[in-house]
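Colleague: I have this structure open at the bench and would like a close look at one part of it, the salt bridges. Could you walk me through them, and then through whatever surrounds them?

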Amino acid sequence: SNIKYTGSKFCIGGFKADSAGLPLKKGIVLSTGRAEDVTGPNNEDGLSGFVNTIGDMDLKKICGHGTHDAVVLEFDFVPVNNFISFNYFFASEEYLEYVNSVYNDVFAFIVDGEGVKKKNLAVIPFTNSTVTVNNINPLKNAGYYINNPPIAKGKKGGTTKKKKGDSDDDGDDDQGDAASAHINIVETPTN
């Protein structure tokens, strides 16, 4: 309830991936560029949409520098158990060109509320490291990094449908140049 969205109207969307190679079959797309550009194949290196919106103070605290084009989805919920579970997939056009630079896409899943201390639950499993381009890449937390390079010039394009056993890195899943592995958060919020 109390759903509140902050960001450009072009930066939010939904997806249904039926038999695609994406790790989640349906969900919400939150993008710092145009959400419609997320659809694969990855046929453009550096595709980006500039929406020129403001940053977010929580994200600034998390990644350690100012942010731009923030997309924030807030909602209230009451867990039916003493834990919550959330699945996400982080992709970015900032791979690999901007790894270890100030251009550092970031993802957060922040919980707070009555009796719950404000906390970002989107951290790299078994660490306290935030989910950013600088923290998930071939050199850092590489086990959570999935390369998705643009399809080769002259190739007849990738497909968003992954064939059984298709585990190649041919840019056929989404437009992002790389992504994190599918990550599941299971957390018991406490004070």
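Modeller: Here is a walk through the salt bridges first, then their surroundings and the rest of the chain. Keep in mind as you read that this is a predicted model.

How many salt bridges are there? The structure holds two. Take the pair of lysine 4 and glutamate 74 to begin with: their closest N and O atoms sit 4.0 Å apart. Lysine 4 belongs to strand S1, residues 4–6, and glutamate 74 to strand S4, so this bridge ties together parts that are 70 residues apart in sequence. What about exposure? Lysine 4 has a relative accessible area of 48%, so it counts as partly exposed. Glutamate 74 is partly exposed too, at 38%.

The other bridge joins the side chains of lysine 118 and aspartate 58, with 2.9 Å from N to O. Here lysine 118 is part of strand S9 (residues 116–120) while aspartate 58 is part of helix H1 (residues 57–63), so the pair links parts 60 residues apart in sequence. Lysine 118 is partly exposed, with 46% relative accessibility. For aspartate 58 the figure is 24%, which again means partly exposed.

Now go back to the S1 and S4 side of things, where there is a nonpolar feature to look at. Ile3, Phe75 and Phe77 make a nonpolar surface patch of about 320 Å². By numbering, Ile3 comes just before lysine 4 of S1, and Phe75 just after glutamate 74. Phenylalanine 77 is in the loop that runs between strand S4 (72–74) and strand S5 (84–88). Its relative accessible area is 40%, so phenylalanine 77 is partly exposed.

You might look for covalent links as well. A disulfide is a covalent bond between the sulfur atoms of two cysteines. A search of the whole structure turns up zero of them. Are cysteine 11 and cysteine 63 buried or exposed? Cysteine 11 is buried, with just 1% relative accessibility. Cysteine 63 is also buried, at 15%; the residue range of helix H1, 57–63, takes in this position.

Then there are some loops. Asparagine 135 is in the one between strand S10 (131–132) and strand S11 (145–147). With a relative accessible area of 12%, asparagine 135 is buried. Which residues does asparagine 135 touch, once neighbours within four places in sequence are set aside? Its contacts are Ile124, Ser129, Thr130, Lys140 and Asn141.

Two other loop residues deserve a glance for their backbone angles. Most residues other than glycine have a negative phi. Asparagine 100, though, has a positive phi, near 65°. You will find asparagine 100 in the loop between strand S6 (91–92) and strand S7 (106–107), and it is exposed, at 57% relative accessible area. Phenylalanine 126 likewise has a positive phi near 65°. That residue is in the loop between S9 and S10, so if you follow the chain on from the strand of lysine 118, this is the loop you come to. Phenylalanine 126 counts as exposed, with 86% relative accessibility.

Stepping back to the protein as a whole, its secondary structure comes to one helix and 13 strands. Reading from the N terminus, the order is β-β-β-α-β-β-β-β-β-β-β-β-β-β. There are 191 residues, and 37% of them count as buried. Among contacts between residues at least 6 apart in sequence, 64% join residues at least 24 apart. The accessible surface is about 11700 Å², with 54% of that belonging to carbon and sulfur atoms.

Finally, how far can you lean on the coordinates? Mean pLDDT for the protein is 76, and 69% of the residues reach 70 or more. Confidence is highest in S1, at 93, and lowest in strand S12 (residues 178–180), where the mean is 58. So the strand that holds lysine 4 is the one with the highest confidence. Over residues 153–173, pLDDT stays under 50, and the model has 39 contacts beyond four places in sequence for that stretch. Where pLDDT is low, the predicted coordinates should not be read in detail.

Key: Residues numbered from 1 in each chain as written. Predicted model: local features only at pLDDT ≥ 70, side-chain atom pairs only at ≥ 80, totals over all residues. Heavy atoms only, no water. Patch = residues over 30% accessible without salt bridge, like charges linked within 9 Å, V, L, I, M, F, W, Y side chains within 5 Å. Areas by Shrake-Rupley, 256 points an atom, 1.4 Å probe, with all protein chains shown as cover. Helix = DSSP H or I, 4+ residues; strand = E, 2+ residues; numbered from the N terminus. Buried < 20%, exposed > 50% of the residue type's maximum accessible area, 1.4 Å probe, protein only. Disulfide = S-S within 2.5 Å. pLDDT = per-residue confidence, 0-100. Contact = heavy atoms within 4.5 Å.
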